[in-house]
Amino acid sequence: MAIALLAWRNGMLWLGSDPPDRIGTPSATNVFYVLLAGMQPLFASLGFLLLYNETLQRELHTLARVDPLTGVANRLALGEAAERLLGAGMWRGSLGVLLLDADHFKSVNDRYGHEGGDRVLLELVTCIRRILRADDVVGRIGGEEFVVLSPGTGLRAAFALGERIRAVVERTPLQIDGETMRLTVSVGVAVAAPGERDVAAVLKRADAALYAAKRAGRNRVMSADDADVAEAPAV
Ligand SMILES: Nc1nc2c(ncn2[C@@H]2O[C@H](COP(=O)(O)OP(=O)(O)OP(=O)(O)O)[C@@H](O)[C@H]2O)c(=O)[nH]1
């Protein structure tokens, strides 16, 4: 509005054949005009601050949802994604939930140090991401523990996805400190049926399956429906 007023006033002064008041004449219009002109930098600064604040808010929102080491979703972002995908379950079908845990990771740290272990985690994430579809979500929920959410995926397909990830990780050599090492992962698979909304319950089933996969010797995929899982204690 201020810009429109200034444009109007300038137009009157410079273009009008008979301007109402010269700029130097003391009048209410001229006082208003000078005030507005003086306030232009204030308006511009306010606009800039509002825009800057909006940008910072957006960046904070993103940073609060990213795992700083691997760049994938963190626990908060995964929880939000799971809620959203379960909410959409009625029209997208079931949601595959895979819980992955690197095997014997403590020995990786013992051998290559914590920094070496961090680089292995990064390579592991790269491996997993290469296999996922665009609308799958991967996140890190603990030291060497990851979750994959795969919308529109039933138990058989989720199991196959887990097996694909397991096999690719197993056969991918990782270069750490000039040495080649191999890592394996254990995977627990569960599926939220269309309409199921309880994220915690699905994760608990995937966790029980993961526990069973570890107990059965690691480097394997187990689903919540496997007989061994039913016997496994809840973790
Ligand atoms: N480098 C690195 N190591 C981590 C991080 N978070 C946790 N760890 C390590 O991961 C290891 C996890 O060890 P455990 O829980 O005993 O599991 P594990 O050795 O992988 O054995 P299993 O899971 O039973 O196969 C510990 O040594 C932790 O210090 C991290 O952010 N970076």
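This report describes the sheet, the nonpolar core, the ligand shell and an annotated segment of a predicted model.

## Basis

Residues are numbered from 1 along each chain as its sequence is written. Because the model is predicted, local features need pLDDT of at least 70 and side-chain atom pairs count only at pLDDT 80 or more, while totals for chains, interfaces and linings use all residues.

## Sheet

Five strands (DSSP E runs of at least two residues, numbered from the N terminus) form an open sheet in the order 2-3-1-6-7, with mixed pairing. Strand 2 (137-142) and strand 7 (221-223) are the edge strands, each pairing on one side only. From one strand to the next the twist averages 20°, with axes being lines fitted to C-alpha atoms and angles running from 0 to 180 degrees between N-to-C directions.

Two strands pair if DSSP finds at least two bridges between them. Strand 6 (residues 185-192) pairs with strand 7 in the parallel sense over three bridges, and Val189 stands opposite Ser223 in strand 7.

## Nonpolar core

The largest nonpolar core (buried Ala, Val, Leu, Ile, Met, Phe, Trp, Tyr and Cys residues joined through C-beta atoms within 7 Å) has 48 residues. A residue is buried if 20 or more other C-beta atoms, placed from the backbone, lie within 10 Å of its own. Val97, Val189 and Ala206 are among those with the most contacts inside this core. Helix 7 (residues 199-215) gives the largest share, ten residues.

## Ligand shell

Of the 16 residues around the ligand, Asp103, Phe105, Lys106, Gly117 and Gly143 come nearest. Helix 5 contributes the largest share of the shell, seven residues.

## Annotated segment

UniProt, in an unreviewed entry, places a "transmembrane region" at residues 31-52; such annotations may be inferred rather than shown by experiment. Over residues 31-52 the chain is 100% helix (DSSP H or I runs of at least four residues) and 0% strand, with the end C-alpha atoms 32 Å apart.

Methods:
A residue is near a molecule or strand if its C-beta atom, placed from the backbone, lies within 6 Å of it. A residue is buried if 20 or more other C-beta atoms lie within 10 Å of its own, exposed if 12 or fewer, and partly exposed in between; C-beta atoms are placed from the backbone.
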